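Student: I should like to learn how one residue in a protein model is read. Could you guide me through an example?

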Amino acid sequence: MSIPLQQVVLATSNPGKVIEITEALAPLGWAVTPVAGLEFPPEDAATYEENAALKACFVSLSTGLPALADDSGLEVTALQGEPGIYSARYGSRATDVERNLYLLERLRDARTPDRSAKFVSAVVLAYPDGHLETYRGEVTGTILEGPRGDQGFGYDPIFEVDGLGRTMAERSIEEKRAVSHRGRALEALRTAHQDGPPARQTVTLE
Ligand SMILES: O=c1[nH]cnc2c1ncn2[C@@H]1O[C@H](COP(=O)(O)OP(=O)(O)O)[C@@H](O)[C@H]1O
Ligand SMILES: [Mg+2]
């Protein structure tokens, strides 16, 4: 039997993610509240899915409510998938602008014409009884020589979405959601929940 969902806590302190996730979940009619006053455990897992599960489980257990977390990153082909799961702290740089500059330097040093990359998002919804739902979204693009646009956050200004000719920072929140990794993962979640919580898989041991 599914637990009816009315309220979900967002397990993130990233303001850009809070805005994007809250807007993407609006059609479901859930009360979506950002988490407050919790210090997150270190993200020391090896995959986006496990890191998102760490954050979502921690907040769900702390609040007794269903909690949703996103773990995401940028994977640059010529840098063997860097910064990947380490995107939030790439090169130990402290700000988005410094991390963007560091990435551009690394790519220049790689001396290759290949500037292809992709954004990946894993979204996990954790229930207080330990049940997890996992969704994933990706978007491919090109790393520019310099930043363009002032919307969004993180690596948005240096990532031009394939086929669009605009960076993620040159799109409104709605336009970004239509193509972004997080928008796609959350669309999968919305579809799964459109008629109530999806059925849980039962495992039978023989
Ligand atoms: O939509 C996006 N646009 C630009 N950069 C992003 C996006 N999603 C993730 N990133 C980058 O990847 C990092 C993902 O970090 P992570 O998911 O571990 O935690 P965070 O919630 O603490 O930022 C972000 O800090 C940002 O630098
Ligand atoms: Mg992370």
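Tutor: Certainly. Please bear in mind that this is a predicted model. We begin with position in the fold: Asp71 lies in strand 3.

Student: Is Asp71 buried or exposed?

Tutor: A residue counts as buried when its relative accessible area is under 20%. Asp71 has a value of 3%, so it is buried.

Student: Which residues does Asp71 touch, apart from those up to four places away in sequence?

Tutor: Its contacts include Lys17, Glu43, Tyr48, Asn51 and Lys55, and also Val120, Ser121 and Ala122. With Lys55 there is a polar contact between the two side chains, at 2.9 Å.

Student: Which protein donors does the magnesium ion (ligand 2) have?

Tutor: They are Glu43, through OE, and Asp71, through OD, at 2.1 to 2.3 Å from the ion. These two residues are 28 residues apart and link distant parts of the chain. Glu43 belongs to the loop between strand 2 (31–34) and helix 2 (48–63), whereas Asp71 belongs to strand 3 (residues 67–76).

Student: How is the accessibility of Glu43 classed?

Tutor: The class between buried and exposed runs from 20% to 50%. Glu43 has 28% relative accessibility and therefore counts as partly exposed.

Student: What does the UniProt record annotate at Asp71?

Tutor: An unreviewed UniProt entry gives the annotation "active site" for Asp71. The feature "binding site", likewise from an unreviewed entry in UniProt, is placed at Asp71.

Definitions and conventions
Residues numbered from 1 in each chain as written. Chains lettered and ligands numbered in written order. Predicted model: local features only at pLDDT ≥ 70, side-chain atom pairs only at ≥ 80, totals over all residues. Heavy atoms only, no water. Donors = N, O, S within 2.8 Å, 3.2 Å for Na, K, Ca; no water. Helix = DSSP H or I, 4+ residues; strand = E, 2+ residues; numbered from the N terminus. Buried < 20%, exposed > 50% of the residue type's maximum accessible area, 1.4 Å probe, protein only. UniProt positions renumbered as here; feature names shortened; annotations may be inferred. Contact = heavy atoms within 4.5 Å. Polar contact = N/O pair within 3.5 Å; in protein donor to acceptor, adjacent residues only side chain to side chain.
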